[in-house]
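I set out to record how certain helices sit against their surroundings and where the nonpolar residues gather. The entries follow in the order in which I looked them up.

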Amino acid sequence: MIFNVEMETLPREKMAEVQLKRLQETVKRVYERVPFHQKAFDEAGVKPEDIQTLDDIQKLPFMKKKDLRENYPFNLFAVDMKEVSRIHGSSGTKGKPTVVGYTKNDIENWSEIVARAICSAGGEPGDIFHNAYGYGLFTGGLGLHYGIERMGAAVVPISGGNTPRQITLIEDFQPRGLAATPSYVLNIVEEMKKQGMNPRETSLKYGIFGAEPWSEEMREQLEEALDIKAVDIYGLSEVMGPGVSIECHEAQDGLHIAEDHFLAEIVDPNTGEVLPYGQEGELVFTSLTKEAFPVIRYRTGDIASLNPAPCKCGRTTLRMSRIKGRVDDMLIIRGVNVFPTEIEAVLLTFKQLAPHYQVVIERDGALDRFEVHCELTPEYMSEIGSIDSPDLVPLKKAIGHDIKCSLGVTVVLRLLPPNSLVRSESKAMRIVDNRNKA
Ligand code: DLL
């Protein structure tokens, strides 16, 4: 089901007209209302009237996360605080959060965008929906919540954590939909097995998973484990929150961007040069309808590519690829660029390995040492009996070989007994950097 047929299937030339009009309005508003933007535009020598075509967006300066930090908490807001009805923040763990605001209209738009997203995932009015994204400053919980209600489903606002209770409520309330980070879904599956349940036999039919990078191989595992369709949802608080883009359940091939609200570009992360469709680079978003906190050419730090081809679901919107990773999470191993999701993709092809892993970086003299820590499945562990089993020697060799073949790097592999790594209740920590620890 398509929630907003008009906007989600608009011919691309018509969408470009909508975008240009909204871009011109947004640019004018931020120039008049936010000193930061006025100064940045003046320094770039551009005036709102210079935006006559969508390509003219390239005349505008970029915004980065640092601009949010420097304008903490409310200096980038484009409305009077009396008009702000919600405040959210980044999920970063260090320092002060980056803060974003929403007017009543912004919340209305966001709810509709998420309602569209849930339909795109296979949701239907009348569904019961288990929302295990964290509620709070993080946009995941409340973002999904309002969209589920708007779509016409009943939301179970369970939030993250207390996994045994999550299982009880899934059994008792019989939801069709589940939303959580993929790493937390693993946790839920593990707990179901611990309680002697068969995770394939729940009422769940579809999952809306995202907020962290995950691989196609992880999707296969989660779909198989729960006997559901799993789609990837993307978003970031700076641009709005969950729902900026989502896959459709029909194709599961790229995430449809809510283009009437967000204008996407891909740029070279080093030079800022705009790259053509199909080429991988850093995602950049400009908000087209946000009132309280509009962003202009916001550098997300996320690596993806864009695809304008029509989709079999009938939506005409631009699709972005799965996020490969964040620019900051790119590992440079002996000169080769590697993202944790690429390591994940190789690990998950081994049935002996559980999908719990971490990349640990240590300093070895003047060089960095990259260790991949990965757990064995409980079934395989009981088969071999001990973590010192000689059977692990050929397994390690095979994994190392496959990582070398597909990524071109050599890593130190540590195979761990089940339950060795800390489980995530929200976003998983895939990289542990011990280099600056004394
Ligand atoms: O993670 C919003 C969200 C909530 C998205 C629930 C999806 C579901 P932030 O906490 O601001 O917002 O973090 C945003 O998370 O820049 C990406 O690096 C990463 N991210 C979000 N979705 C995905 C995804 C929410 N599907 C940052 N795949 C973004 C990969 C993702 N990374």
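I began with helix α7 (residues 163-173), whose buried residues are Thr 163, Gln 166, Ile 167, Leu 169 and Ile 170. I took buried as under 20% relative accessible area, exposed as over 50% and partly exposed as in between (1.4 Å probe, protein chains only). Helices (H or I, at least four residues) and strands (E, at least two) are DSSP runs, numbered from the N terminus. The buried residues of α7 cover an arc of only 165° around the axis, so they lie on the same side of α7; the arc is that of the directions from the helix axis to the C-beta atoms. They pack against β3 (128-131), β4 (154-156) and α8 (182-194), contact meaning heavy atoms within 4.5 Å.

The model is predicted: local features need pLDDT of at least 70, side-chain atom pairs count only at pLDDT 80 or more, and totals for chains, interfaces and linings use all residues. Residues are numbered from 1 along each chain as its sequence is written, and side-chain values use heavy atoms, with hydrogens and water left out.

I next examined α3 (residues 35-44), in which His 37, Ala 40 and Phe 41 are buried. These fall within an arc of 100° seen down the axis, so they line one face of the helix. The face turned away carries the exposed Pro 35, Lys 39 and Glu 43. The cover over the buried residues includes α2 (12-33).

Finally, I looked up the largest nonpolar core (buried Ala, Val, Leu, Ile, Met, Phe, Trp, Tyr and Cys residues joined through side-chain atoms within 4.5 Å). This core has 69 residues, and helix α5 (residues 104-120) gives the most to it, with 8 residues.
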